[in-house]
Amino acid sequence: MTTTDWNPVLRSEFDEPYWKDLQAFVADERSRHTVYPPHDEVFAALHLTPLRDVRAVVLGQDPYHGARQAHGLAFSVQHGVRIPPSLRNIHQELHDDVGVEIPNHGNLEAWAQQGVLLLNTSLTVRAGQAASHSGKGWETFTDRVIEAVARQPVPTVFILWGNHARKKRTLIVDASADGADHTILESPHPSPFAARNGFFGSRPFSRANDALVAAGREPIDWGLEPSPVGT
């Protein structure tokens, strides 16, 4: 991971036995299989969203496992890549909630650059095999990332979609700095299997902005510009 303001906070993790085992596992996987995202995009969420700038956290599970999809940001795909079903549902709720035009692409870098940490709890995956790198150590690392945000004294919004993300509520609460007035928004996952059971209509985008404004922080512009390359 290149130097960012995350580095001093997370540096001690790189000396832990689990980290060395994890990196050896990922290197072996890359030597024998296709692994997503590419090596230089694994930590994109931390590169694009410095700790000091985090206003909201959106938690995913593991990266997309299809060709050209994953690029280091939860739920996001590169310009020109077909929009996955869960992200289409996010776009629909975005439109219904705050009225922004549904974008013609699935790239969420504009959110990341505004302080939305789009964090998967596992940062790599073998092509075509969902959750294949879960339980190998990534979750220990990303728990430290979540704790680092929760320890910040500035109010932050945590958006937890689905049971996997919602399990992090206790971690967030326990790590929260004294006096930190964080907001935790929970709902079912935006996947086609769950979206109609409470994700649609949950209004996470307007509720996040309401919480930020109430805390004296700038709201997030959730709009996404049209893709320069089309889809």
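In this predicted model, I172 touches I146, A150, F158, L160 and I184, leaving out residues up to four places away in sequence. I172 lies in helix α8, which spans residues 169-175. Its relative accessibility is 0%, so I172 counts as buried. A148 is 24 residues from I172 in sequence, and the two C-alpha atoms are 9.4 Å apart in space.

**The sheet**

Two of the contacts of I172, F158 and L160, fall within strand β5, which covers residues 157-161. This strand belongs to an open sheet of four strands in the order β3-β2-β5-β6, with parallel pairing. Strands β3 (116-120) and β6 (183-187) stand at the edges with a single partner strand each, so one side of each has no neighbour in the sheet. On average, neighbouring strands are turned by 20° against each other, direction ignored. Strands of a sheet pair through backbone hydrogen bonds, in either a parallel or an antiparallel sense. The pairings within the sheet are listed below, each with one pair of opposing residues.

| Strand pair | Sense and bridges | Opposing residues |
|---|---|---|
| β2 and β3 | parallel, five bridges | A56 and V116 |
| β2 and β5 | parallel, four bridges | L59 and L160 |
| β5 and β6 | parallel, five bridges | I159 and L185 |

L160 thus appears twice in this description: as the bridge partner of L59 and among the residues touched by I172.

Helix α9 (residues 204-214) packs on the sheet, where it touches β5 and β6. The direction of helix α9 makes about 160° with that of β5.

**The covering of strand β2**

How many of the residues of strand β2 (residues 56-60) are buried? Five of its five residues are buried, and the strand is mostly covered. In a regular strand the side chains alternate between the two faces of the sheet. In β2, A56, V58 and G60 lie on one side and V57 and L59 on the other, and all are buried, so that both faces of the strand are covered.

**Serine 86**

S86 is found in helix α4, which comprises residues 85-98. Is S86 buried or exposed? The relative accessible area of S86 is 13%, and a residue counts as buried under 20%, so S86 is buried. Apart from its neighbours within four places in sequence, S86 is in contact with H189, P190, S191 and P192.

Methods. Residues numbered from 1 in each chain as written. Predicted model: local features only at pLDDT ≥ 70, side-chain atom pairs only at ≥ 80, totals over all residues. Heavy atoms only, no water. Pairing = 2+ DSSP bridges. Axes fitted to C-alpha atoms, helices over the stretch in contact; angles between N-to-C directions. Contact = heavy atoms within 4.5 Å. Buried < 20%, exposed > 50% of the residue type's maximum accessible area, 1.4 Å probe, protein only.
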